[in-house]
Amino acid sequence: MVEEQPHGPFAGEIAPSEEVPEFSVQKVFVAGNIGMCVGVRNSLRMAHEVTDITKEHEDVYAPHELVHNVVAMDKLSKKRLKIQPDLLQIPIGSKVIFPAHGTSPDDYKTAQERNFTVFDTVCPIVTGVRERVKNAIKKGGYQVVYVGVEGHRETEGMMGEDPHNITLVQTVEDVEELSFDDEQPLIAYSQTTLSGLELADVMKKLRKKFPSMKIPPKRDICFAAESRQLAVIGMLDISDLLLIVGSKTSHNSQVMRQLGEMRRIPSYSIDYPHQINPSWFSKDIRFVAFSAGASAEDDTVNANLKWLTDRGAEAEFLEPIVKEPNVTIKFPEERIEALRAEYNNMPHHLNLFIED
Ligand code: SF4
């Protein structure tokens, strides 16, 4: 249960008003496809294992958020995980964790030059799209049009692979601006966390403008992102309000929230229960659709659900709308054991670490 006071970048963004006198929500529909995906789970497990072992000895670094979730990153910052986007500022020989949504080739190179011990938690689904893009360029001679969100780490990592042969588009308007030589073979790929709707419009425009462009039959949207979106859509017809547990920085969480907005029902995303504003629940809000993005941890989801059920709403747990594939990521137990053995024999530098 998350009871701690907020201290993330979004803390205090929403100032809860006075409690409404009557809480009229009868039922909370809890999505069957909800919350943390396998890639995020793996990344956070690695980060907790490494920081648990090293925290009394040294800082551990990450070039940016390992996962797009304020609560999860707050927990890790208390265990001496430091975010440092400029790898040249990270001390030589440090332990560095690379995130679930991928890292650019330049950062891998810098990590090697600075003799970092890297724990790479890139999700294999992200890697799969990267490999397909690289093959299309190297073996197929294609110019890749990549549909992604500008500034998103997954997109930045992808663009870093081959900036000359990958062109980023985000919107239909971006496609209008594109031009290529007639002879240039073209192929399209996308970021894994887009919504089907976002992608469909852009792909339609690409097809129309470049009829010879190859569009692989298998879409790159990740099953975890898509199933959570479909589960939200399935609840909207029976709900008066949509509540998504997920950070403002989480693209897939914001896509889920926007699905509710498109259906014109009040839709909010929150990290901590204290961000739920009781005034959202006017007396005509009786049925709430509740879900969580792929980077929200189980205890955070439960804490927010409890806020609703504590006020008398009954939780109805829906069946998954999509059966998700059983993807597993092999965790490097031996590597963690070796790290543990290394630190077990090391004296503690007690002055270096003061627990919060
Ligand atoms: S959303 Fe999909 S691609 Fe992204 S980390 Fe999770 S499982 Fe991997």
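Tutor: Start with a definition: two strands pair if DSSP finds at least two bridges between them. Keep in mind that this model is predicted.

Student: What makes E1 and E12 a pair?

Tutor: Strand E1 covers residues 27-30, and E12 covers residues 314-317. Four bridges join these strands, which run parallel. At least two are needed, so E1 and E12 pair. One position to look at is Lys27, which stands opposite Glu314 in E12.

Student: How do you know that E1 also pairs with E11?

Tutor: Apply the rule again. Four bridges join E1 to E11. The rule asks for at least two, so E1 and E11 pair. These strands run parallel. Here Lys27 stands opposite Phe287.

Student: Where is Glu297?

Tutor: Glu297 lies in the loop between strand E11 (287-292) and helix H10 (298-309). Compare its place with that of Phe287. Glu297 and Phe287 are 10 residues apart in sequence, and their C-alpha atoms are 24 Å apart in space.

Student: Why is Glu297 called buried?

Tutor: Count its neighbours. Glu297 has 21 C-beta neighbours inside 10 Å. The cut-off for buried is 20 or more. Glu297 reaches the cut-off, so it counts as buried.

Student: Which residues does Glu297 touch?

Tutor: Leave out residues up to four places away in sequence. Then Glu297 touches Met36, Val71 and Ala72. Val71 and Ala72 are among the buried residues of H2.

Student: What makes H2 a mostly covered helix?

Tutor: H2 spans residues 70-77, and six of its eight residues are buried. They are Val70, Val71, Ala72, Met73, Lys75 and Leu76. What covers them includes H1, strand E3 (81-83) and H10.

Student: Why is Arg80 called partly exposed?

Tutor: Arg80 is in the loop between H2 and E3. It has 18 other C-beta atoms within 10 Å. Buried needs 20 or more, and exposed needs 12 or fewer. The count of 18 falls in between, so Arg80 is partly exposed. Its backbone has another feature: a positive phi of about 75°, although Arg80 is not a glycine.

Student: Why is Arg264 called exposed?

Tutor: Arg264 has 8 C-beta neighbours inside 10 Å. Exposed means 12 or fewer, so Arg264 counts as exposed. Its loop runs between helix H9 (251-262) and strand E10 (267-270). Phi of Arg264 is near 60°, a positive value in a residue other than glycine.

Student: Which residues are closest to the ligand?

Tutor: The closest are Cys37, Gly39, Cys123, Ile125 and Cys222, out of 14 residues that surround the ligand. Helices H1 (38-54), H4 (124-138) and H8 (223-236) each give two or more residues to this shell. The largest share, three residues, comes from H1.

Student: How many of the shell residues are nonpolar, polar and charged?

Tutor: The shell has 11 nonpolar, three polar and no charged residues. Test two members yourself. Cys is on the nonpolar list, so Cys37 is nonpolar. Gly counts as polar, so Gly39 is polar.

Student: How confident is the predictor, and where is pLDDT below 50?

Tutor: The chain averages a pLDDT of 90, and 91% of the residues score at least 70. Over residues 1-17 the pLDDT is below 50; this stretch has 29 contacts in the model beyond near neighbours in sequence. Residues 350-356 also have pLDDT below 50, with four such contacts. Local features need at least 70, so neither stretch qualifies for them.

Note on methods
Residues are numbered from 1 along each chain as its sequence is written. This is a predicted model: local features need pLDDT of at least 70, side-chain atom pairs count only at pLDDT 80 or more; totals for chains, interfaces and linings use all residues. pLDDT is the predictor's confidence in each residue, from 0 to 100. Two residues are in contact if their C-beta atoms, placed from the backbone, lie within 7 Å. A residue is near a molecule or strand if its C-beta atom, placed from the backbone, lies within 6 Å of it.
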